[in-house]
Every structure is written in structure tokens, then in C-alpha cells.
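Work through the exercises below with the model open. Try each task before reading its solution.

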Amino acid sequence: MKIAIIGAGFAGLVSARTFKQFGHDVVVFEIAPEVGGVWSCIRRYPGVKTQNSKETYSLSTLKMPSKLDTHPKGEEVQEYLEAYVEQEKLRGDIRLLTKVVAALPIAEGWTIKTLNVETGEEKSEDFAHLCVCSGAFSAGNIPGWPGKDEFEAAGGKVLHTSDLRSMDQVAGKDVCVVGYGKSSCDATTQIYPHAATTHIVVRSPIWKLPSYLMGTVHYSYLLLTRFGEALFQYIEPWTSQKFLAGPGWPIRASAMGTLGLITRNQLGLKKANLLPPGPFETIARATISLATPGFYEAVHEGKIKVHREVGVESLSPGKVHLTDGATVKADVVVCGTGFIQKAPFLPEAMQRQLVDGSGNWVLYRHILPAANIPNLSFNGYNSSLFCPLTAEVTSLWIAAHLSGLLEVPELDERRRLAEEKVAWMVERTNGKCANATNLVPFSLCNIDEMMADLNLKLGSFAWFKQWLLPVDPQAYAPLTGQLLKRLRKD
């Protein structure tokens, strides 16, 4: 089968590797000049690092280099993916600087129309299957505030954190950062030494976790384990999750209370006026965000000015007007205001079939459309704490489905299950689930779910280790061979 893959980040590359191992021909389309997805040179912002440790943020067949720091830099992740391309012999299957202009359904698959953004060359090619791996974080969201046009006409700049390439863009300027997620705090910490003034607008303070609690214990030993995930209850909960939400609640309450107290004191949240209003367990309502090193120290020292529990009302030349009536002087507004989850290359009518009325993606297992759209799958629309590993298991799920090794429910049942999952995600996160593409903290729950569909299991020892130690992606390396062996038998 000839398969088109859109996107050359973790999801696209591991999908290409898996599909080729299952005997398919693949072409990977990538608009950037290099592989990497969010880690490519056109998307990463200065100073970006992984939230995960290098031991947990990798694919099963290639470790991150041991020489790297615990949290690799963005360019180091991109270099790792280049090494993966070489190891898996994918270079000839990737078309860089190639924009997918349109993906049009035909009787036996898809017609993919592309544009080479460097030469202007246009092409059209037919494929039997389309796997969308362009990700949930590929297009930055910039709010359309009143007065934005006038602000820019007067020389001001409004840009997303993913468009921040160099500190030359902010040097000597008054800068206002909007948002309090990881990218916002990372960007603010990079900006303030270069800017004339630096403000950050925080609509709703959330809990953030230090990389090292009390300076010694890496957070991965607490939350990137099965025990850490057991502290939160999935839609189809593990027995341990039921226990900790029921009779074992004192254990859970003690763990959460201790983590909250340590975090509050270590980061100086009260002094920074950034102590969240809710309990620590709300850290996992939408995502788990690490504290950016140096951010809170700069706030304490007055180098970063915090505007708490306010939003942006409007812009005017040289000014940002906040909802509490305050005005911030600004030459540059940097938006850490999330991402747009869209697939603009698909026909508009089809795009509407893939989402609900609120724009949430309605996909069975976050992979298959819950609508009558054949020969289409998605990888990377189940963002987790282990995105590379999740993408790898997802690619196996898709390959098994294409090979007839996996039975999926009928369309009506897929739709019911997908809608039920979306409703649960929206409710537990108060709608902050990246349009039903962000599964944090239920990374292992999702992986277990897909493996159960495939009738695959980890070895008992590997599974037991995950309760005590951070997940090791290499434990999942044998899964491809197990599925291929089953395929050969059939």
C-alpha cells in the first residue's frame, strides 16, 4: 500500500518506519527545511528544552545520547530525530520544504496536491491511505484583540512564542507576554535580560512542578511512573486508580499535599503572587507544566512584572490594555496562547465531520475518524507525557488496522465511544484539553488501551518496574516484532 504521511515530527517519522516494516511504501511531506516538527528550526523558540528527561523522551529503538543534559535542548532533539532518520533509512522517503495544499478523497484513497515552498513546483500524487501527523501544536493561536491592527500599524509586533526566533526581536523593547504555560514562562525568562521591560499577563495561575523537588529528586520518579498516573482517575480507570480515589484516598491526599507544599515553598509562589487558587491535584486538569528555571527568581527580583488574574482587553499604539483597567507599555506582544488544531488541507466539509460543534476532535482512540471517512488516520492527536512513545504505539495500532490484524467497532459504536471520551475530557479539564487532543496525565492509560486492542503486553518485570521507576521506552521495542510475527502467521 502507498501511504502519504503529513508531518515529519516524532509521529510522522515513527509512522514511516512502522509502515515500511509492515511492507508499505511511504512518502512523508514536511513544510519545514528539516525534520523535527515542533523541534524544527522554524518552530522552536530560543531556550526551549524538553519537559521530560532524555531517558523517557525517546523512541524505543534509539536512546537519546548520554552526553546530553537531563532535559535536552530543542536543537538537540532535532539532531536526535536526524539520527533516527539515518538509523531507520528514511531519508529517501521524506520531502522537505513541501506544503500539502490539498488532500482530496478519491475512490481508492487520496490525491495529495503539494507545493515546493522553495521552487514553487506543484505536484499531484495518488495514495491508498493518508496518515495525518501534522500534530496538535503546529499552528500557533494569536487572539484577534481589538486594536491589534492599529498596534501593528504603529510599528508594534504581535507574535506567537513559536515565531520567536532570536532575542534581536525584543532587544531594548518593552515586551508583554500573554499566557502562563510552559512556552510563555520559557520565553519570558529568555526575554527579560534583553528587553527594556518585561511583563507577563496571567489569566489564571496554574500549578507548576520543579524539575527537581528540593533540588534532589527528579519529578519523573514521582509522575512519570505508573504510581504517579494512578493518582488520577482515567475514564476507564485502573484498579489502583479506583483504590486511590476510594478507600486509599488518604495515600493520595498525603502525596498531593506534600507535593503542593514542597512546590509552593521551593518556587516561592506566594511571594511571586502566583500561588494557584485550587489544590495541587489540579496540576493535571489540563497538562503538567514544569517550572522554568530562573523564572520565579526573576519575578521575585522585579525583573519580570506579573499581572495576575487579568486578560487583554485591547491593544492601541504602544500599549496593552488589561481587563482590570491597567495599561502596559509594549512594543512587542508575545502570545503563549495555545495552538490551533486544524487540518486545513482537508476539504472544509470533511473538517467539519471530524470535530464537534466546539471544535473538539472526535476520533476513535484519537486515531480513526468517528465519521464515514475511509483510508484516513491520525497520529499525534493524543498528546501525552510520553509523546514519542505514544506516537510509536499509535503507529503500530494503525499498521495493525491496515493489515487486518485489528478489529474496530462499527461506525456508530466508534462515534459513541469517541463522543463519550471527548465529553469526559472537556468536563475534567474545564475545556482546556487542546480540543480533545491532550491526554495528560493519562499517557500510560492510553498506551495500555492501544496495546490491549492489539493483544500485546509488556513483560511482567518491565511492567512492575514502571510502578517504581520512570518509563523506559526501550521496553516497548519488541512490540513491532511481535505484531509482524503474527502477521506472517496469518
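Buried means under 20% relative accessible area, exposed means over 50%, and partly exposed lies in between (1.4 Å probe, protein chains only). This is a predicted model: local features need pLDDT of at least 70, side-chain atom pairs count only at pLDDT 80 or more, and totals for chains, interfaces and linings use all residues. Residues are numbered from 1 along each chain as its sequence is written, and side-chain values use heavy atoms, with hydrogens and water left out.

**Exercise 1. Place and classify tyrosine 221.**

Step 1. Find the element. Tyrosine 221 sits in helix H5 (residues 220-223). Helices (H or I, at least four residues) and strands (E, at least two) are DSSP runs, numbered from the N terminus.

Step 2. Apply the cut-offs. The relative accessible area of tyrosine 221 is 47%, so the residue is partly exposed.

Step 3. Look at the surroundings. Tyr221 belongs to a nonpolar surface patch with Val217, Trp463, Phe464, Leu468 and Leu469. Together they have about 590 Å² of accessible area. Patches take residues with over 30% relative accessible area and no salt bridge; like charges are joined within 9 Å, nonpolar side chains (Val, Leu, Ile, Met, Phe, Trp, Tyr) within 5 Å. Areas come from the Shrake-Rupley method with a 1.4 Å probe; for residues, only the protein chains shown count as cover.

Step 4. Find the main contributor. Helix H14 (residues 460-468) gives the largest share of the patch, 3 residues.

**Exercise 2. Compare the salt bridges of arginine 226 and arginine 416.**

Step 1. Fix the criterion: a side-chain nitrogen of Lys or Arg within 4 Å of a carboxyl oxygen of Asp or Glu. The structure holds 22 salt bridges.

Step 2. Take arginine 226. Its partner is aspartate 448, with the closest N and O atoms 2.8 Å apart. Arginine 226 is in helix H6 (residues 226-230) and aspartate 448 in helix H13 (residues 443-453), so the pair ties together parts 222 residues apart in sequence. Arginine 226 is buried at 2% relative accessibility; aspartate 448 is partly exposed at 23%.

Step 3. Take arginine 416. Its side chain meets that of glutamate 420 at 3.3 Å, N to O. Both lie in helix H12 (residues 411-429), 4 residues apart, so about one helical turn separates them. Arginine 416 is partly exposed at 40%, and glutamate 420 is partly exposed at 42%.
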